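Me: I am new to this structure and would love a close look at a single part of it. Could you take one long helix, walk me along its buried side, and then show me how the rest fits around that part?

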Amino acid sequence: MNAEPPAAAPAFDELIHQPTRLTVVAFLSGCAEAEFRTVRENCGVSESALSKVVSTLEAASYVKVRRGYVGKRPRTWLRLSPEGRRALASHLAELQRIAATATALAATLEHQPPQA
């Protein structure tokens, strides 16, 4: 019988864990600020989907939204807040911890003799 302690539940940031939100937050982490259309195109999401994602992330203070004009055309710019950067870093650290644990476990299992 294996007497290993139970694995701790993952400490994901449930807000960021959703794939579209994770994609947007990861994209924004690589720039100081990005225009809404640029984020939409680079993340491969529809305008309505991105709008919902931004609303959710803005409500959590993970994303800051700035509205203005270029000439007479309205524009919206997005940036990741310091809270959003911390949340992403913590979420990614948890994913790395899970991957490292799985890799270590796999290596241990490879070196065990076959059971009869």
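Reply: Happy to help! Let us begin with a word we will need: a residue counts as buried when its relative accessible area is under 20%, and as exposed when that area is over 50%, with partly exposed in between. Please keep in mind that the model is predicted.

The part to look at is helix α5, which covers residues 82-110. This helix has 29 residues, and the way from its first C-alpha to its last is 42 Å, close to the 42 Å expected at 1.5 Å a residue.

Now for the buried side. In α5, the buried residues are G84, A87, L88, H91 and E94. A general point helps when reading such a list: an α-helix has 3.6 residues a turn, so residues three or four places apart point the same way. As for what lies over the buried residues of α5, the cover includes α1 (14-17), α2 (19-29) and β3 (73-80).

Let us stop at L88, which has its place in helix α5. L88 counts as buried because its relative accessibility is 6%, and the cut-off for buried is under 20%. Leaving out residues up to four places away in sequence, L88 touches I16, L22, V25, A26 and S29. There is also a link across the sequence here: L88 and D13 are 75 residues apart along the chain, yet their C-alpha atoms are 8.0 Å apart in space.

The next stop is H91, also found in helix α5. With a relative accessible area of 1%, H91 is buried. Once its neighbours within four places in sequence are set aside, H91 is in contact with F12, D13, I16, H17 and L22. I16 and L22 are therefore touched by L88 and are in contact with H91 as well.

From here we can step over to α2, one of the elements that cover the buried residues of α5. V25, which touches L88, is also among the residues of α2 that meet α4. In full, T20, R21, V24 and V25 in α2 meet L50, V53, T56 and L57 in α4. By class, this contact has 5 nonpolar, 2 polar and 1 charged residues. The two helices pack at an angle of about 75°, with their axes 10 Å apart, so α2 and α4 are roughly perpendicular to each other.

Helix α4 (residues 47-59) has another partner, helix α3 (residues 36-43), and these two pack at an angle of about 110°, with their axes 10 Å apart. That makes α3 and α4 roughly perpendicular to each other too. Here F36, V39 and R40 in α3 meet E47, L50, S51 and V54 in α4. By class, the contact of α3 with α4 has 4 nonpolar, 1 polar and 2 charged residues. Notice L50 of α4, which takes part in the contact with α3 and in the contact with α2.

Finally, let us step back to the whole chain. There are 5 helices and 3 strands, and from the N terminus on the elements run α-α-β-α-α-β-β-α. Of the 116 residues in the chain, 24% are buried. Among contacts with a separation of 6 or more, 53% come from residues 24 or more positions apart; the pairs of L88 described above give you a place to start looking at the model.

Key. Residues numbered from 1 in each chain as written. Predicted model: local features only at pLDDT ≥ 70, side-chain atom pairs only at ≥ 80, totals over all residues. Heavy atoms only, no water. Helix = DSSP H or I, 4+ residues; strand = E, 2+ residues; numbered from the N terminus. Expected span 1.5 Å × (residues − 1). Buried < 20%, exposed > 50% of the residue type's maximum accessible area, 1.4 Å probe, protein only. Contact = heavy atoms within 4.5 Å. Axes fitted to C-alpha atoms, helices over the stretch in contact; angles between N-to-C directions. Parallel < 35°, antiparallel > 145°, perpendicular 65-115°, else oblique. Nonpolar A, V, L, I, M, F, W, Y, C, P; charged D, E, K, R; others polar.
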